[in-house]
Amino acid sequence: MEALRVVPAIHYFDTFKEFNEAFQLGKRDLLVTNQWMYDPYVKPLGIELNVIFQEKFGSGEPSDEMIDAMAAEMKKYDFDRIVAFGGGTIVDICKVLSLRVPERSVDLFTGAVKPEKLHHLVVVPTTCGTGSEVTNVAIAELKSLHTKKGLAVEETYADEAVLVPESLQGLPDYVFATSSIDALIHAIESYLSPKASPFTEMYSRKAMEMIMEGYKKILEKGNTKENRAPYLKEFALASNYAGIAFGNAGCAAVHALSYSIGGAFHVPHGEANYQFFTEVFKMYMRKAPEGKIAEANRIFAEMLGCGVENVYEELDRFLGQLIGKKKLREYGMKEEQIEEFTKSTIENQQRLLKNNYVFLTEEEIREIFAALY
Ligand SMILES: [Fe+2]
């Protein structure tokens, strides 16, 4: 089996200025970013380059409509490289924009049009979660088809992934919490995946340790910009390590189940994942308590300073300091949706469910939804 593959070259710079010195941004580049990132980091450098502000094309997670509108805007510029400087939405959109975009981008997601790479893609993530800079997955809501779908082909890999911890400085507290918990879940789901290799395990474990240790230090004083500042490098690296791990070994049931409430009630991805995390793990424990999950529990118990028997309660308590644990009904879920979401998870999320630590039956998935409802 292939044990590890990292496609983009990975670069690291402390500041955006150093990144610019090395990459020499200029007229042949198209920068896709948000005004709130452009103003503090790019504008002071006085670089002449083409810029598109993503927020002009819609808010929230990527959609085919957003991609179509941005692809049309892009035609006004003449450029070689696309530089994606932003969070998951910008990164995923730019993965698609680096291809030849047909009139309706949905055709790329359905497979009606074959992907063809046109532009060199440089990704500079500004959140510490998705790991999307090293994976080939681009996820978008396909409005015309009323569904969310991932495009994951060789052509959607970035050419260069650039880590700049300075660009995490302005993250709002809540975005820091949701994005870093997403990274923690990438690390743990890929660690337990049947596709894990000794290489991906190394990245998963290191990411788990760095994120949990970082949280401990931050939470001693409270989750604020000032208290996080000394640890941004750790979080930028950890989310990338977790991206390398799940880019190879995959994510699983936590992600699969969370897409239902993420899609139906527009719950941000990291928060939705967090609501399912420990409940999925309790189900795994019921089915196969020996083996790798016992190892994972030991790692977490050691970091939390608790016994393995109550590691999930402690994890919920610990992570609950960052994001509130809610019942799914608080997001607007109705009791009859337990059935609906169970069915749609089985139907649409096999890509993820096949990476489960142990096979989960339809009844067990229903039980998880019911316990959280
Ligand atoms: Fe995720």
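Four donors count as tetrahedral if all angles lie between 85 and 135 degrees, and as square planar if opposite donors are over 155 degrees apart and all others between 65 and 115; anything else is irregular. Keep that rule at hand for the first stop. The model on screen is predicted.

**Stop 1: the iron ion**

Select the iron ion and show its protein donors. They are D182 (OD), H186 (NE2), H255 (NE2) and H269 (NE2). These atoms lie 2.1 to 2.2 Å from the metal. Now check the angles. The four donor atoms subtend 86 to 168 degrees, so the arrangement is irregular. For reference, the ideal angle for four tetrahedral donors is 109.5 degrees.

Next, colour the donors along the chain. Their spacing in sequence is D-x3-H-x68-H-x13-H. D182 sits in helix α6 and H255 in helix α10 (residues 253-265), so look for two distant parts of the chain, 73 residues apart, linked by this pair.

Are D182 and H255 buried or exposed? D182 has a relative accessible area of 4%, under the 20% limit, and is therefore buried. H255 has 3% and is buried because the same limit applies.

**Stop 2: the largest nonpolar core**

Stay with α6 and select residues 173-192. This helix gives the most to the largest nonpolar core, with ten residues. The core has 80 residues in total. Show Y215, F276, F281 and Y284, which have the most contacts inside it.

Pick F281 and list its neighbours. Leaving out residues up to four places away in sequence, F281 touches I188, L192, V254, I293 and Y312.

Another core lies apart from the largest one. It has 28 residues, among them A84, V96, A138 and A158.

**Stop 3: strand β5**

Select residues 120-125, strand β5. The strand is mostly covered, with five of its six residues buried.

Which strands pair with β5? One is β4 (residues 81-86), parallel to β5 over six bridges. Show A84, whose bridge partner in β5 is V123. A84 also belongs to the core of 28 residues. Another is β8 (residues 160-163), again parallel, over two bridges. Here V122 has E160 as its bridge partner in β8.

In a regular strand the side chains alternate between the two faces of the sheet.

**Stop 4: helix α16**

Finish on residues 362-372, helix α16. Show its buried residues: E364, I365, R366, I368, F369 and L372. Then bring up what covers them, including α10, α11 (269-287), α14 (337-348) and α15 (350-353). Helix α10 is also the one that holds the iron donor H255.

Note on methods. Residues numbered from 1 in each chain as written. Predicted model: local features only at pLDDT ≥ 70, side-chain atom pairs only at ≥ 80, totals over all residues. Heavy atoms only, no water. Buried < 20%, exposed > 50% of the residue type's maximum accessible area, 1.4 Å probe, protein only. Helix = DSSP H or I, 4+ residues; strand = E, 2+ residues; numbered from the N terminus. Pairing = 2+ DSSP bridges. Core = buried A, V, L, I, M, F, W, Y, C linked by side-chain atoms within 4.5 Å. Contact = heavy atoms within 4.5 Å. Donors = N, O, S within 2.8 Å, 3.2 Å for Na, K, Ca; no water. Tetrahedral: all angles 85-135°; square planar, octahedral: opposite > 155°, others 65-115°.
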